[in-house]
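Here are my notes on the ligand site and the internal spaces of this model. Please read them with the structure open.

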Amino acid sequence: MKYLSTRGLPQKRSFCDILLEGLAPDGGLYLPEHYPQIDAKELKKLELIFFQEGYASLAFSLLSLFIDDIPSADLKGLCDKTYTKAVFGSEKIAPVRALTDGLFIQALSNGPTLAFKDMAMQLLGNLFEYELNRKNQELNILGATSGDTGSAAEYAMRGKKGIRVFMTSPKGRMSPFQQAQMFSLLDDNIFNIAVEGVFDDCQDIVKAVSNDLPLKKQLKIGTVNSINWARLLAQVVYYFAGYFQAKAMSAKTHISFAVPSGNFGNVCAAHVARMMGLPIHQLIVATNENNVLDEFFKTGIYRVRSSADTHETSSPSMDISKASNFERFIFDLLEKDGALTSKLFSKDIHAQGFFDLSADPRFKAIFSKFGFTSGSSTHQNRLQTIKDVYTKYHEIIDPHTADGLKVAQARLVEDEVIVVLETALPIKFASTIIEALGIEPPRPEAFEGIESLPKRVAVMPADVQKIKDFMLENVS
Ligand SMILES: *Cc1c(COP(=O)(O)O)cnc(C)c1O
């Protein structure tokens, strides 16, 4: 299996070539040159593997279709080591439960940091360690986080050989729980940097440091952002696992997924699963007030927002101004036309702030060919959804999951089950739960008292040189 850039670069790469890379050299994102096809017989086989051997074996079967430069036994070992009950809290790893006979929830948030990013990041940590060891290399990951990504990366990379993590976050802006999660990590290879500024300052610093090419080379600086193909690939697995469970729990004809979306990584993995032949009926993209994606699926116009136009909401992990993985879907929509994809993302967006596919006949096929629909929610919608679920089903869901559920309810059709992805646990966003219900969300035992643990964090001004110096000091 070889990988291509969405912007038409002629070179094809293999999986391990792109594993440690971010964007392709032409600024595009990597995609496999074709999607492996799974027919009904093969699907049945995967279903049996999931129910009889478990999630790790399913992951190995699916990953093997995309990775041909890691020996099978090693890849199996990495999957087995990653997807364990000890790490993800249940035998099924991503268990599905029913709220009603048409609305199910798939739990993706029982990993070490209580958000779905663990599902992919835990595998990435093991893949990175394996590949760096094979190449006898080191990697210094530099990132910016407003919450979930940074902690998922740190918990995945802590203690890993050959890897250090430098994670910037805006000082005092994360929830107290998120700060405690990150800053209480005392591992030698984890460096928390609280920047006196906002999230955009952190992102600008990461960009500026990464653009210092000599330093980037000297320090072997890399990233773990959501455009990494391996992360996306790891997420494909839980759509198969969710589909198999939903099918076993319901006799309904259609099975769909509703995905609380920001950077389009999660739902892009669903798209890949569907392209492989997983018979997903609707792929429902749920956004919050930052509705760049909902707007596109409704109008064909993709209009990125400025930072000033990006709302701070009560589902903060979906507060995006542009969806960094979206280019992958557009490339597929445009039948792999790299030149056109490149024009839209590198020319049109820069020149005019948007691109418009409303007149392209292929846009009309977003539902019939690709199954995509969308919707959005407001703060009031989320509070109401959290209240309804608590009153009717005695469950507490987090505000991101509430986005998904709210949009799913509006989209549910006859003879259909919609699986809503639970992308975080409510304890991570306690203040919104208290606002909705007047009570504290439950806290998993392992997280009792984390706010009072010793913390390690360097506080710094939003100054690129200071961050560079800090990295140089700590990379020996
Ligand atoms: C990251 C995140 C999302 C958005 O996922 P994308 O892959 O960026 O679309 C949604 N909910 C939570 C809780 C997240 O952490």
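The points below take the ligand first, then the cavities, then a pocket.

1. Status. This is a predicted model. Every value below is computed from it.

2. Ligand shell. The ligand has 15 residues around it. Those that come nearest are Lys117, Asp148, Gly262, Asn263 and Asn266. By class, the shell holds eight polar, five nonpolar and two charged residues.

3. Backbone contacts to the ligand. Look at the backbone of Gly262, Phe264 and Gly265. A polar backbone atom of Gly262 sits 2.7 Å from an oxygen atom of the ligand. For Phe264, the distance from a polar backbone atom to a ligand oxygen is 3.0 Å. A backbone N or O atom of Gly265 is 3.2 Å from an oxygen atom of the ligand. How much of the ligand's area does the protein bury? Taken alone, the ligand exposes 380 Å², and the protein buries 97% of that.

4. Cavity count. There are two cavities of 30 Å³ or more. The largest holds about 50 Å³ of space, and the second largest about 30 Å³.

5. Largest cavity. Which elements each supply at least two residues of its lining? They are α17 (379-393) and α18 (399-411). The most comes from α17, which gives five residues. The lining residues are Leu99, Thr100, Leu103, Thr385, Asp388, Val389, Lys392, Tyr393, Leu405 and Gln409. Five of the lining residues are nonpolar, three polar and two charged. Asp388 and Lys392 are both in that lining, and both count as charged.

6. Second largest cavity. Its lining draws on Ile18, Glu21, Gly22, Tyr30, Ile227, Asn228, Trp229 and Arg328. The classes are four nonpolar, two polar and two charged. Glu21 and Arg328 belong to this lining and count as charged.

7. Second largest pocket. About 280 Å³ of space lies here. Of the 15 residues that line this pocket, Leu20, Gln137, Leu139, Lys220 and Ile221 are the closest to its centre. Two or more lining residues come from each of α1 (15-19), α6 (117-135), α10 (213-219) and β8 (221-222). The largest share, three residues, is from α10.

8. Pocket chemistry. What classes make up the lining of the second largest pocket? Seven residues are charged, six nonpolar and two polar.

Technical notes
Residues are numbered from 1 along each chain as its sequence is written. This is a predicted model: local features need pLDDT of at least 70, side-chain atom pairs count only at pLDDT 80 or more; totals for chains, interfaces and linings use all residues. Side-chain values use heavy atoms; hydrogens and water are left out. A residue is near a molecule or strand if one of its heavy atoms lies within 4 Å of it. A polar contact is a pair of N or O atoms within 3.5 Å; within protein, one must be able to donate a hydrogen and the other to accept it, and residues adjacent in sequence count only if both atoms are side-chain atoms. Accessible areas come from the Shrake-Rupley method with a 1.4 Å probe; for residues, only the protein chains shown count as cover. On a 1 Å grid over the protein atoms alone, a cavity is a set of points where a 1.4 Å probe fits but cannot get out, and a pocket is an open set with protein on both sides within 12 Å along at least five of seven lines; lining residues have an atom within 4 Å of a point. Grid points are joined across faces, edges and corners, and a volume is the space filled by probe spheres set on the points. Helices (H or I, at least four residues) and strands (E, at least two) are DSSP runs, numbered from the N terminus.
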